[in-house]
Amino acid sequence: MLAQRILAGPSASLCSLSPFELLDAPILERIALYLATSRFIGPPSELIPLLCTSRTINASLRFCSNSHLYSQIFCQKFDSAAILRRLSWGRTTVDCLSEELRKRSAILTRMRHQNAENFACLQEDLWAVYLMMLENDHKNMAQLCLWAELPMWIANVIENKCQFPREHPLSWVNDIEGTSLALWLLWMSSNEGSVKNEDPRERNKILHMLDPFLVQGHRFSSAYAPDAFFYLPLCPELEAAIPCTTGLPLPISRDVVHYGRKIRLAAPPLIPAALLNYVIRLEVRLDANPLPSAVAQLPATRAQATVMGLPLPRLTQEDVVDFHFHTRTKFFGDYNGLGSERLDSEWFRIVSCHDPWAVDRPLRGVFYRLGTLTGHWNGRALIPYLQAHIEANMRNRRPSVQGVTWAHERISCVFKEHHCLNPDEPIPAPAEAHGWGEDILNVWLPRRLEIKHGADSLTLHDPETERTVRYETYHAERENPYSRPFKKSSEWHCDFPKETVSEDSQHDTDDDYEEVCEERSSGVTDIIITGETYEREGPAWGSFSFIGRVRPWDGFIVLLRLPTHVAHSYHGRWIFKGYIHERSLVGRWRETGTAVDQVGYEGGFVLCKVDETSMDAM
């Protein structure tokens with residue numbers, strides 16, 4: 001600053017400036033940085049008195065003339081590792097970071113000081129907060145929860161949305177985009193302590209609000225593309241002929257300004273968020289509820305049931321106690337120390353799965369990490385009583401969803417992954433008989449498929465095409481995860497941001513470049529899942545086998561459950577379909593006797609991956 005004054009010549013009166021004003025610009029900027037970040041949480045409001053000191057100080061430090069300062073403040077107060085990993089360097093120029101600081105400061109202030117006027121920006125705020133949570137490496141969560149009081153804010157958002165009449169476009173059940181974002185933020189801001197400390201009336205109110213999404217789940221978004229299709233993108237002529245079996249055929253998408261530039265995003269599916277929020281509150285309520293008196297009539301242990309010669313499956317008191325009090329859903333959290341990396345697949349889905357017809361997806365990333373499903377999974381399926389389910393989903397009437405009650409069924413199973421490796425071609429997904437895409441009710445596999453299990457492989461033979469394909473069983477614990485030599489990779493499709501904009505290009509417009517990801521194939525061309533009921537749980541809840549497939553377009557998982565014992569055949573064939581969210585597989589199940597374009601008997605499920613140490617203790 002002093003050098004600038006000297007170069008300005010005699011007209012610049014140095015005598016009128018204080019010693020503080022005569023400090024060099026880098027020193028003054030460093031003082032401002034320390035002042036702005038002396039308090040970590042909250043916007044940098046400590047700068048306001050400094051900016052009001054004099055016109056000279058203001059001219060040097062104000063937002064429009066010192067992007068470098070405000071970009072440094074951003075990096076001190078917010079997480080930036082995720083954006084560096086997921087997008088181009090063009091999002092991390094000093095102009096972009098300083099603009100993001102200004103936007104987030106305004107949003108945090110609106111959240112902290114809630115009023116009717118601040119809700120005018122609600123959709124923009126919901127998106128910004130959701131993206132902050134996807135990029136969280138501890139700093140973002142601290143700003144949102146400790147300063148902006150995210151849990152209280154999101155509770156008020158949900159309360160206000162429920163005040164709108166049902167027919168209003170912004171109502172709880174009509175504004176799919178806003179409700180979905182609100183439910184995901186409710187899930188992300190909840191933990192075991194906060195849910196246990198909820199007022200029971202408030203908890204029951206939330207459960208009541210979630211009823212429509214569980215009872216009529218087919219009406220709401222649960223996938224980024226129709227589940228009937230394995231091969232994507234779709235052909236243009238299919239646009240008018242898609243069965244609505246997964247809610248809305250098209251994801252709701254929106255252009256959002258993120259780090260100073262527009263980006264097209266798909267709203268995350270609503271149903272998984274509704275299920276997660278419902279189940280964790282249901283399980284907390286179970287903690288306080290005693291067992292039904294009828295449980296006392298059951299055999300005390302499995303050994304006692306065996307001695308009594310009771311037919312299987314047969315519950316015992318120890319089975320019910322274990323399910324009632326110990327089968328619990330994992331809360332949102334960084335269990336593996338991966339930070340925001342564990343949420344990369346969530347990010348890549350919203351940024352590249354907004355158009356099932358799009359051939360070119362420049363930001364396509366990792367949707368499913370190899371070995372994710374391998375291991376032991378435990379959870380519950382929500383089973384509606386049949387007659388109430390039928391009445392609640394009848395067409396041409398507006399039935400009440402409040403009369404539907406739920407039974408709970410424990411699901412405890414062990415899965416294996418089998419990979420088709422280059423240069424082998426995977427088993428084709430057969431067309432559905434009536435033309436509704438591929439055969440989702442048989443998990444996109446041929447109906448007469450012959451399956452042969454080997455020690456380290458799975459061989460599939462299709463009698464219709466006379467094709468035989470060997471799938472290698474994936475062993476994550478081995479240095480080489482396959483039985484034959486193959487380059488190990490932990491990703492199905494591994495994408496790295498390409499540097500397309502230099503640090504000096506601070507004034508490029510959105511049209512100056514296109515962000516792309518450089519795709520590198522892992523050599524895995526298809527993933528088949530097999531599984532079976534965990535041995536200990538079969539006598540209590542029924543013995544089943546599983547086979548399924550992972551859709552490469554978005555990592556969507558579909559599993560077919562089949563009874564393995566004649567005594568369990570009354571269960572029939574069910575499919576379970578959903579996405580991996582952190583360490584949980586969440587989605588909807590349905591029976592397969594109803595045509596794919598009709599509403600079938602269905603409900604929700606949540607499965608959580610069990611740690612190996614937990615399995616040893618079981």
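**Reading a surface patch and a strand's partners**

Mentor: Leu386, Ile390 and Met394 make up a nonpolar surface patch, together offering about 260 Å² of accessible area. This is a predicted model, where local features need pLDDT of at least 70, side-chain atom pairs count only at pLDDT 80 or more, and totals for chains, interfaces and linings use all residues. Residues are numbered from 1 along each chain as its sequence is written, and side-chain values use heavy atoms, leaving out hydrogens and water.

Trainee: What makes a patch?

Mentor: Its residues have over 30% relative accessible area and no salt bridge; like charges are joined within 9 Å, nonpolar side chains (Val, Leu, Ile, Met, Phe, Trp, Tyr) within 5 Å. A salt bridge puts a side-chain nitrogen of Lys or Arg within 4 Å of a carboxyl oxygen of Asp or Glu. Areas are Shrake-Rupley values with a 1.4 Å probe; for residues, only the protein chains shown count as cover.

Trainee: Is Leu386 buried, partly exposed or exposed?

Mentor: Buried means under 20% relative accessible area, exposed over 50%, partly exposed in between (1.4 Å probe, protein chains only). Leu386 is partly exposed, at 45%. Leu386 lies in helix α18 (residues 386-392).

Trainee: How are helices and strands assigned?

Mentor: They are DSSP runs, numbered from the N terminus: helices are H or I, at least four residues; strands are E, at least two.

Trainee: Why is strand β4 (residues 406-421) called largely enclosed?

Mentor: Because 12 of its 16 residues are buried.

Trainee: Which strand pairs with β4 over 10 bridges?

Mentor: Pairing takes at least two DSSP bridges between strands. Strand β3 (residues 375-384) pairs with β4, antiparallel. There, His376 faces Val414 of β4.

Trainee: Where does His418 stand opposite Ile528?

Mentor: Ile528 is in β10. Strand β10 (residues 524-533) runs antiparallel to β4, with nine bridges.
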